[in-house]
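Take a walk through this structure, from its interior out to its surface. Keep the sequence at hand along the way.

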Amino acid sequence: IMDKLTTIKQANKQLFEVGDLASVPSFFDENYVAHAGEKTYNGHKFILQFVKQIRTAIPDIKIQECELLSENNDLLTVHKTFTGTHRSPLKGIPASGKKVKWYEISVVKFNNEKIIEEWVVSDLAAQLMLKLKPEK
């Protein structure tokens, strides 16, 4: 049995870097829920759509760091650092063709050995917008 931080790292690596969509059920509970801002997303279908969207926009995405900030039973708080090149539009933000680095803080809830719920704060959109500004 993997420890919870290892599960989070493996899930991110398999999905975002490798693109192994078939691995979703091994990391995520079927009743998975994600909270981002005011929005809530559900299920494996959402994860698959999200991963495809990110990997299309940033095909060379890498997870540079996944650091544990706190752990309390089935709740982990992690800080993740991602890098990649913005190659195609993402949520209405046109591709800049530039390298981008962004950060996420996630509170990850486990049910048994699987991720069942996440609260995510990411500055990806802000970083992509900054890349569109002409450099002085």
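Start with Phe82, which is buried, at 2% relative accessibility. The model is a predicted one. Trp102 is buried too, with a relative accessibility of 1%. Under 20% is what buried requires, so both residues qualify.

Both rings belong to a wider group. One aromatic cluster is formed by Phe16, Tyr41, Phe46, Phe50, Phe82 and Trp102. Across the whole structure, a search finds six aromatic pairs. Phe16 and Phe50 make one of them, with an edge-to-face geometry. Their centres are 6.1 Å apart, and their planes stand at 90°. Phe16 comes from helix H1 and Phe50 from helix H3, so this pair ties together parts 34 residues apart in sequence. Phe16 is buried, at 9% relative accessible area. Phe50 is partly exposed, at 27%. Phe82 and Trp102 form a pair of the stacked kind. Here the centres lie 5.2 Å apart, with 10° between the planes. This pair also links distant parts of the chain: Phe82 is in strand S4, Trp102 in strand S5, and 20 residues separate them.

Now turn to the nonpolar interior. In soluble globular proteins, nonpolar side chains tend to be buried together. The largest nonpolar core here has 31 residues. Ile8, Phe28 and Ile47 have the most contacts inside this core. Helices and strands both contribute. The elements giving two or more residues are helices H1 (4–18), H2 (24–27), H3 (43–57) and H4 (124–132), together with strands S1 (28–36), S3, S4 and S5.

Which residues does Ile8 contact, leaving aside its neighbours within four places in sequence? Ile8 touches Cys66, Leu76, Val78, Val108, Phe110 and Ile115.

A charged residue is buried as well. Glu104 has its place in strand S5. Its relative accessible area is 11%, so Glu104 counts as buried. Sequence neighbours within four places aside, Glu104 is in contact with Val78, His79, Lys80, Phe82, Val120, Val121 and Ser122. Phe82, from the stacked pair, thus appears among the contacts of Glu104.

Next come the charged pairs. Side chains of opposite charge can pair when their charged atoms come close. How many salt bridges does the structure hold? It holds four. One of them joins the side chains of Asp74 and Lys4, at 3.6 Å from N to O. The partners come from distant parts of the chain: Asp74 is in the loop between S3 and S4, Lys4 is in helix H1, and they are 70 residues apart. Asp74 is partly exposed, with 36% relative accessible area. Lys4 is buried, with 18%.

Another salt bridge pairs Lys13 with Glu17, and their closest N and O atoms are 2.9 Å apart. This one stays inside helix H1. The two residues are separated by about one helical turn because they are four residues apart in that helix. Lys13 is partly exposed, at 39% relative accessibility. Glu17 is buried, at 17%.

Asp60 and Lys99 also meet in a salt bridge, at 3.3 Å from N to O. Asp60 sits in the loop between H3 and S3, and Lys99 in strand S5, so the pair ties together parts 39 residues apart in sequence. Asp60 is partly exposed, at 28% relative accessible area. Lys99 is exposed, at 56%.

Move to the surface. Leu69, Ile105 and Val121 form a nonpolar patch there. Together they have about 260 Å² of accessible area. Val121 lies in strand S6, residues 114–122. It is exposed, with 60% relative accessible area. Val121 is also among the contacts of buried Glu104.

Finally, look at two backbone angles. Most residues other than glycine have a negative phi, and most peptide bonds are trans. Asn73 has a positive phi, near 55°. Asn73 is in the loop between strand S3 (62–72) and strand S4 (75–85). At 64% relative accessibility, Asn73 is exposed. Asp74, which pairs with Lys4, is in the loop between S3 and S4 too. Lys91 has a positive phi as well, near 45°. Its place is the loop between S4 and strand S5 (99–111). Lys91 is exposed, at 61% relative accessibility.

Technical notes:
Residues are numbered from 1 along each chain as its sequence is written. This is a predicted model: local features need pLDDT of at least 70, side-chain atom pairs count only at pLDDT 80 or more; totals for chains, interfaces and linings use all residues. Side-chain values use heavy atoms; hydrogens and water are left out. Buried means under 20% relative accessible area, exposed over 50%, partly exposed in between (1.4 Å probe, protein chains only). A nonpolar core is a set of buried Ala, Val, Leu, Ile, Met, Phe, Trp, Tyr and Cys residues joined through side-chain atoms within 4.5 Å. Contact means heavy atoms within 4.5 Å. Patches are made of residues with over 30% relative accessible area and no salt bridge: like charges are joined within 9 Å, nonpolar side chains (Val, Leu, Ile, Met, Phe, Trp, Tyr) within 5 Å. Accessible areas come from the Shrake-Rupley method with a 1.4 Å probe; for residues, only the protein chains shown count as cover. Rings of Phe, Tyr and Trp (its six-membered ring) pair if their centres lie within 6.5 Å; planes under 30 degrees apart count as stacked, over 60 as edge-to-face and the rest as tilted.
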